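Hi everyone, thanks for coming. I'd like to walk you through a structure today, so get comfortable and have a look at the screen.

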Protein chains: 2
Amino acid sequence: MTIIHSSSPEIRAVDGGLGVVPGLRTAACASGVKPEGKLDLGVLVTEAPCTVAGVFTKNQAAAAPVQLCRELLAKQRTCRAVVVNSGNANALTGQRGYDDALAMVEETERLFGGPALPLSTGVIGVPLPLETILRGLTKCSQQVGDHASAFAEALLTTDTGTKQAARRVELGDGSVFHVGGVAKGSGMIHPNMATMLAILATDAPIASPALDSMLRRVTDSTFNRISVDGDTSTNDSVLALAQQAPGETEIGECDPRLLPLEEALRQVAGELAEQIVTDGEGATRVLEIRVHGARWVGDARAVAQAIAGSPLVKTALHGGDANWGRIIAAAGNAAVPFDVEELELRVGEHVVFAAGMPIVAAQDAAERAFQRPRVRIALRIGDGEEEVRFLTTDLSADYVSINAHYRT
Amino acid sequence: MTIIHSSSPEIRAVDGGLGVVPGLRTAACASGVKPEGKLDLGVLVTEAPCTVAGVFTKNQAAAAPVQLCRELLAKQRTCRAVVVNSGNANALTGQRGYDDALAMVEETERLFGGPALPLSTGVIGVPLPLETILRGLTKCSQQVGDHASAFAEALLTTDTGTKQAARRVELGDGSVFHVGGVAKGSGMIHPNMATMLAILATDAPIASPALDSMLRRVTDSTFNRISVDGDTSTNDSVLALAQQAPGETEIGECDPRLLPLEEALRQVAGELAEQIVTDGEGATRVLEIRVHGARWVGDARAVAQAIAGSPLVKTALHGGDANWGRIIAAAGNAAVPFDVEELELRVGEHVVFAAGMPIVAAQDAAERAFQRPRVRIALRIGDGEEEVRFLTTDLSADYVSINAHYRT
């Protein structure tokens, strides 16, 4: 029996996003896809080759860059660069869209080294202004460096601010690694997944199969547990890059170092997911939904998702009106069987419904809880062991006006 | 071989609703459940006993009157009276709610004759003010007569107007029957079913099993093909009553007279469904969705429903913005496999997307089509034979404000 003398690993939140990860360089510019000189093109380059994993939209009408990413990842699991444009999703653009995405990748590889992966976000059904983007890439190539915040900004569409998060992981053996992430997303947010792009990166040399299964677990418990408007986009993508610096020992599936690294990745992804919801289009309040007592986690998730997606729950939340009857009515639409007599609904700490009846004495306290910026509810649907947490936003008149004239 | 000399049956739209059906009497009053003296209680009574069929919400948290209706219909398929209150849904009100619904039924039977069936609509999770309703029933009993329009008004909640429709059916054998209907519903409208109540009635003596299967078919192609906000309520109910006047021959499953009567019922239900969508909360435009080329009707329905429920489609509709990319993105979320290359999307008469590509020349015409009060789109998803039509509304800031403060 071998005893390894080591202290327990420590994960610490640090300021910044991708910028905290050594060996990453970034560039961003205003190529002209977006009007008014806004940043709309970003490139991320790594010094060492990376293993890479990706999780993509389940939408049947996946955009050209998503199709291309899938193809490239099926062939090889390494990566040196990621190129992202905002302002145009390159979705529903046919063969030309595919050719354009490929041209973006090839030009990125020529200027920055490769393999490269492409991401796009923005309006659907409009051909990509390829020449504009290619000229932008040249511009980016002249200023590669430490521009993680500008890169984060170049991803945005209707977002009101950048989304970044990072962790420093001190492993028990004294080695230190970093996990950084960046995301964008504000509307069309719903599992699977949000209309969102996220790039996570680490300097820990995680092996390809381990990175892949880790990313799937992390995405499932973070980005797939948020909802803004119930729409799954054509472009949703999460990429994870793990740099393999020369001389480092690869971290495989059974390596004990993987656990704290996965936890750090989950914290970064969780923080980004939270930032996406908080910045939901027109959002003024966040609803934190806990569904527990389920026999299967899928049941808990379906009920949470039905509540999170209900326009009536979301408008009541907007009005600060503890109209909890709508919460149970929405739960009842999830096609998950439950007995109304067994339900227990809490708003904050207050039980407002139990044994099939409203608890009249709790209504005033519930009303006050619904007027806070963050409202917590917990619905017990039975005596099972499974539970799920889910975040959603209110539905406001601002959401309507943002989306009624998105293209104009 | 017997030859029946008969002309073909004729169905004619007539003004009015339940009022056109001979042998029906109605009453309505302002009992006080709703503030400000609005009509909120109605009773429908028939001279002859009726066969009756009902279709109810699939919500797991079905309201007390729905539970009671189901129980009563399981015991007997005859009915003489329907009692409806608005302003309070008697949903999520536990044993007391059930007892209250039963008390409504018993008092109705005592005053008007029975068997009676109860319906309720309004706010969820608030105990029914039973004494108020019982006093109201006495008031109603003093003025039973030809008050179909007042009865229609007593059903309403956020509706801006009554919903009524009627048909006169002249059968080939010279006999004449009538089908009348009334409905309410404006928010929480989504299959299955809308938050809606509907009562359909006829003086044709349709036998109980025939009426039941007929009502299911009719509901499926009318009330289950509309969406306002994707929420299925706790109280959705459709009742159909067929009077069995003494001396008339019952119309059974194989009776040729059933076909024109079913068609008349479908027309009445279809017209009511259309009135519900047009009066959708905050609605300013109606979207008529046709999904065709499906291999299975369930596929067509799932795609149509995904489009009808998408907040991004509904806000684009509100803005009169032909952002058709969102239509295909929503279709892609229905979990129905399709090939983007095989899709064809028409806005009005104009093909805007085909062979995987936008048809650039059609965009201006599509933009104009999206600015009409009724927008028609057709999406071909393959080369199958099945199709579905579906109606939905736009999502407006008014919807938000109506629902943000519904209880206050």
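I'll start with one chain on its own, then move to how the two chains sit together, and finish with some local details.

One thing up front: this is a predicted model, so keep that in mind throughout.

Okay, chain A. How many helices and strands are there in chain A? There are eleven helices and 16 strands. The radius of gyration of chain A is 22 Å, and the globule rule gives 22 Å for 408 residues, so chain A is as compact as a globular protein of that length. If you lay the C-alpha trace of chain A along its principal axes, the spans are about 70 × 65 × 35 Å.

What about the inside? Of the 408 residues in chain A, 61% count as buried. And here's a number about how the chain folds back on itself: take the contacts in chain A with a separation of 6 or more, and 80% of them are between residues 24 or more positions apart.

Chain A is also split into two domains: domain 1 covers 10-268, and domain 2 covers 286-404. Going by C-alpha atoms, the centres of those two domains of chain A are 33 Å apart.

Now let's zoom in on a strand. Look for E4 of chain A, residues 78-88. Is E4(A) mostly covered or mostly open? Mostly covered: ten of its eleven residues are buried. The strand E3 of chain A, residues 41-56, pairs with E4(A) through seven bridges, and the two run antiparallel. If you want a landmark for that pairing, find Leu44(A), which stands opposite Val82(A) in E4(A). A general reminder while we're on strands: in a regular strand, side chains alternate between the two faces of the sheet.

Next, the two chains together. As a bit of background, two copies of a chain are related by a rotation about an axis and a shift along it. Here, a turn of 180° and a shift of 0.0 Å along the axis lay chain A on chain B, with an RMSD of 0.0 Å. That's the relation of a two-fold axis. So where does chain A come closest to the axis, going by C-alpha atoms? At Ala397(A), whose C-alpha is 2.2 Å from the axis. Both copies use the same surface, too: 100% of the contact residues of chain A recur in chain B.

Let's put some numbers on that interface. On one side there are 53 residues of chain A, in contact with 54 residues of chain B. Several elements of chain A give two or more residues to its side, including helix H2 (94-112), helix H8 (311-318) and helix H11 (397-404). Sorted by class, the chain A side has 24 nonpolar residues, 24 polar ones and five charged ones.

Now for some backbone oddities. In general, most residues other than glycine have a negative phi, and most peptide bonds are trans. So let's look for exceptions. Gly114(A) and Pro115(A) are joined by a cis peptide bond, with omega at about 0°. You'll find Pro115(A) in the loop between H2 and strand E5 (116-123) of chain A. In chain B, a cis peptide bond joins Gly114(B) and Pro115(B) as well, and omega is about 0° there.

For positive phi, check Leu92(A): its phi is about 60°, although it is not a glycine. Leu92(A) lies in the loop between E4 and H2 of chain A. Why does Leu92(A) count as buried? Because it has 28 C-beta neighbours inside 10 Å, and the cut-off for buried is 20 or more. Then there's Ala355(A), with a positive phi near 55°. Ala355(A) sits in the loop between strand E13 (350-354) and E14 of chain A. With 13 C-beta neighbours inside 10 Å, Ala355(A) counts as partly exposed.

Last stop, a sheet in chain B. This one is an open sheet of seven strands with mixed pairing, in the order E9-E16-E11-E15-E12-E13-E14. Which strands are at the edges? They are E9 (226-227) and E14 (357-358) of chain B, each pairing on one side only. E14(B) pairs with strand E13 of chain B, residues 350-354, in the antiparallel sense over two bridges. Within that pair, Phe353(B) stands opposite Pro358(B).

That's my tour, so over to you for questions.

Notes
Residues numbered from 1 in each chain as written. Chains lettered and ligands numbered in written order. Least-squares fit on C-alpha atoms with pLDDT ≥ 70 in both. Contact = placed C-beta atoms within 7 Å. Domains from an automatic or database assignment. Buried ≥ 20, exposed ≤ 12 C-beta atoms within 10 Å, placed from the backbone. Helix = DSSP H or I, 4+ residues; strand = E, 2+ residues; numbered from the N terminus. Pairing = 2+ DSSP bridges. Nonpolar A, V, L, I, M, F, W, Y, C, P; charged D, E, K, R; others polar. Rg over C-alpha atoms; globule rule 2.2 N^0.38 Å.
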